[in-house]
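Reader: Could you take me through one helix of this model at close range, and then show me what lies around it? I would enjoy a connected account rather than a list.

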Amino acid sequence: MQPIISISGLSKTYASGFSALKGVDLEIRRGEILALLGPNGAGKTTLISIVCGIVNPSGGTVTVDGRDHIKHYREARSMIGLVPQELTTDAFETVWATVSHSRGLFGKKPNPAHIEKVLKDLTLWDKKDSKIMQLSGGMKRRVMIAKALSHEPRILFLDEPTAGVDVELRKEMWALVRRLRAAGVTIILTTHYIAEAEEMADRIGVIHKGQLILVEEKSELMRKLGSKQLTLQLQEPLAAVPPELAGHQLALSDDGSAMVYTYDARAERTGISNLLADLGKVGVRFKDLQTKESSLEEIFVGLVREGQ
């Protein structure tokens, strides 16, 4: 199946000489949720801005559903909804007016039933006649999402959509994302809440210093780069790991009450049985054990450190 967005050799160098993007290649599949992770200044927002036609690239190409995003700007842009980081709404407009106006900007005929549905989905219906200036920050964020959905886009970009919003709105937002995805909308999000990417995304892309370090299926990324830890709660604290156990990847807790064994869960042999046997030989006894897998956040931090 043809990707809904195809990015090839995309670069952006600003007049100051700063290279925000360096030869990015990326294909985005129809109907997927792709999470783009990266530290501040990595190039996430620049990438989104170029695809959405807000910023011109220095080189490379972008096609949206087979259409060059520059040569066929109107057709390509009409397929895309964008929720930017910054809250940019007309403070003196009502919620209904600003969302309806946004639909008209894309040449769509008025559709009050669709606007009503969007506002109800975002718990904005009772605020439809309120002016934007009267709304809380969280409500303004909902209005930004409503504007992005007003023209029924097939692709939705969410640039840090939950930054600064409360837990309730965050949960509502992700429930909406799931419904949109179920309806066939392709969703690309950037987020600092890596736990959200871990929960929501089908694939993960990591950007660092303007380069796409990797794009992987989330499950495959966790499998390939994740590790497991076995924590042994000791019956008696130790001052140091016995030298007889030096062949194992062991770390002692600060208070000496636990040992942590890190191993590759993909390996045919984890080494746990040998470790337990060696513990018995040197007389180290434990009263409990737990296992823990790497989180996506730990994997992400490791990737960024490698790219320094």
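Author: Gladly! Let us start with helix H5, which covers residues 137-149. H5 has 13 residues and reaches 19 Å from its first C-alpha to its last, close to the 18 Å expected at 1.5 Å a residue; the expected span is 1.5 Å times one less than the number of residues. Helices here are DSSP runs of H or I with at least four residues, strands are runs of E with at least two, and both are numbered from the N terminus.

A word on the source: this is a predicted model, in which local features need pLDDT of at least 70 and side-chain atom pairs count only at pLDDT 80 or more, while totals for chains, interfaces and linings use all residues. Residues are numbered from 1 along each chain as its sequence is written, and side-chain values use heavy atoms, with hydrogens and water left out.

Back to H5, which is mostly covered: 10 of its 13 residues are buried (under 20% relative accessible area, with exposed meaning over 50% and partly exposed in between, for a 1.4 Å probe and protein chains only). Met139 is buried, as are Arg141 and Arg142, and so is the run Val143, Met144, Ile145, Ala146, Lys147, Ala148 and Leu149. The cover over these buried residues includes strands S6 (80-83) and S7 (155-159), together with helices H3 (95-105), H4 (112-121) and H6 (167-182); contact means heavy atoms within 4.5 Å.

One of those covering helices, H3, leads us to an aromatic pair. The structure holds one such pair, where ring centres of Phe, Tyr or Trp (its six-membered ring) must lie within 6.5 Å, and planes under 30 degrees apart count as stacked, over 60 as edge-to-face and the rest as tilted. The rings of Trp96 and Trp125 have centres 6.1 Å apart and planes at 70 degrees, so this pair is edge-to-face. Because Trp96 lies in helix H3 and Trp125 in the loop between H4 and H5, the pair ties together parts that are 29 residues apart in sequence. Trp96 is partly exposed, at 27% relative accessibility, and Trp125 is partly exposed too, with a relative accessible area of 28%.

Trp125 has a further partner: the charged end of Lys128 sits over the Trp125 ring, 4.6 Å from its centre. For such a placement, NZ of Lys or CZ of Arg is within 6 Å of the ring centre and within 35 degrees of the ring normal.
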